[in-house]
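Reader: I'm new to this and keep tripping over the vocabulary. Can we go through the terms one at a time?

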Amino acid sequence: MNNISEAAKRLNISQPALSKAIASIEDELGVALFDRKGRHIYLNRYGELMLNYIDSAFRELNEGERIIKELTGIESGQVTFAVTFPHVMPLLIQNYVSRHPNIKIKQYQAISERATHLILNNEVDFAISSSKIEHRDISWEPIIQDDIYLTVSKEHPLSQCTSLELTQIKDERLIGQIEGYGFRDTIDYILKQEGIVPNYQVEVEDSSAILKLVAMNIGISFTPKQALRNLDKQIVAIPINNEHCYREIGLAYKKSHYFTEVASSFKTFVTDYFQNHIN
């Protein structure tokens, strides 16, 4: 919105009052925050910089309100988290909610980059990630090592193997997620260490589509152990003879983040769930 009259209407104040407020802030700062062109105004570089700090201040105020409400028992509690891999979440949430029916849960699905952003902005309590999230303001707690299997159609020649070496797939057509997802990055790194250039026939964003395409014998894929539950009968999962064929699942959270009792309880539950129920 670049029209001051429209902005005033949106804020339910008069245009002169809004203009006076802007002028007062600019006088106090000693710089103009807007460039004015006719009836329109546009944030300049000083305004953009100030906006970042204002947004940050509002996030901190919201975080303070959340913490106080939790401590005073004004609300029953809510936990918010991000996850970089979705397939285990329904059962995990079902198990937690069955024990804590009054707790509200909000879950974001995000690649590592977005998960980092959500953590740093206090928009989530923590992230469950299949690859290490590294940032000077973020702590990382490994939970488990999740073995990676090769998944192929029953119609594929490799389906007869009881185990295999990575060199056996160097000329195969792969199906995988698009770049930027933690698991894709893990696979590419493992293959690079073996001197293998992956031949991706199909790249998708929705990981649930990968095994469906494998069942159609369009290509082969790498699949973590956690995703092998209820595997399609048309698909064979083959162990890989390579000590590096695993992914690390862990929790990432802002070092300065305040964990309410509810969030701390859920964090402990997540760790126990992965280590003792689905590992």
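Author: Sure, and keep in mind that this is a predicted model. Let's start with the largest nonpolar core, which has 24 residues; Met 89, Leu 92, Phe 126, Ile 128, Phe 266, Val 270 and Phe 274 touch the most other members.

Reader: Which helices and strands each supply at least two residues of this core?

Author: Those are β3, α4, β5, β6, β11 and α8. The top giver is α8, with seven residues.

Reader: What is Val 270 in contact with, leaving aside its neighbours within four places in sequence?

Author: Val 270 is in contact with Leu 92, Phe 126, Ile 128, Ile 143 and Leu 251. There's also a second, separate core of 19 residues, with Leu 164, Ile 190, Leu 191 and Ile 240 among them.

Reader: Why is Cys 245 called buried, but Cys 161 partly exposed?

Author: Buried means under 20% relative accessible area. Cys 245 has 5%, so it's buried. Cys 161 has 24%, and partly exposed covers what lies between 20% and 50%, so that's its label.

Reader: How do you know that Cys 161 and Cys 245 don't form a disulfide?

Author: A disulfide needs sulfur atoms within 2.5 Å. The sulfur of Cys 161 is 14 Å from the closest cysteine sulfur, in Cys 245, so that's too far for a bond. The count of disulfides is zero.

Reader: Where is confidence lowest, and where is it highest?

Author: Helix α1 is lowest, at a mean pLDDT of 73, and strand β10 is highest, at 96. The protein's mean is 87, with 94% of residues reaching 70 or more.

Methods
Residues numbered from 1 in each chain as written. Predicted model: local features only at pLDDT ≥ 70, side-chain atom pairs only at ≥ 80, totals over all residues. Heavy atoms only, no water. Core = buried A, V, L, I, M, F, W, Y, C linked by side-chain atoms within 4.5 Å. Buried < 20%, exposed > 50% of the residue type's maximum accessible area, 1.4 Å probe, protein only. Helix = DSSP H or I, 4+ residues; strand = E, 2+ residues; numbered from the N terminus. Contact = heavy atoms within 4.5 Å. pLDDT = per-residue confidence, 0-100.
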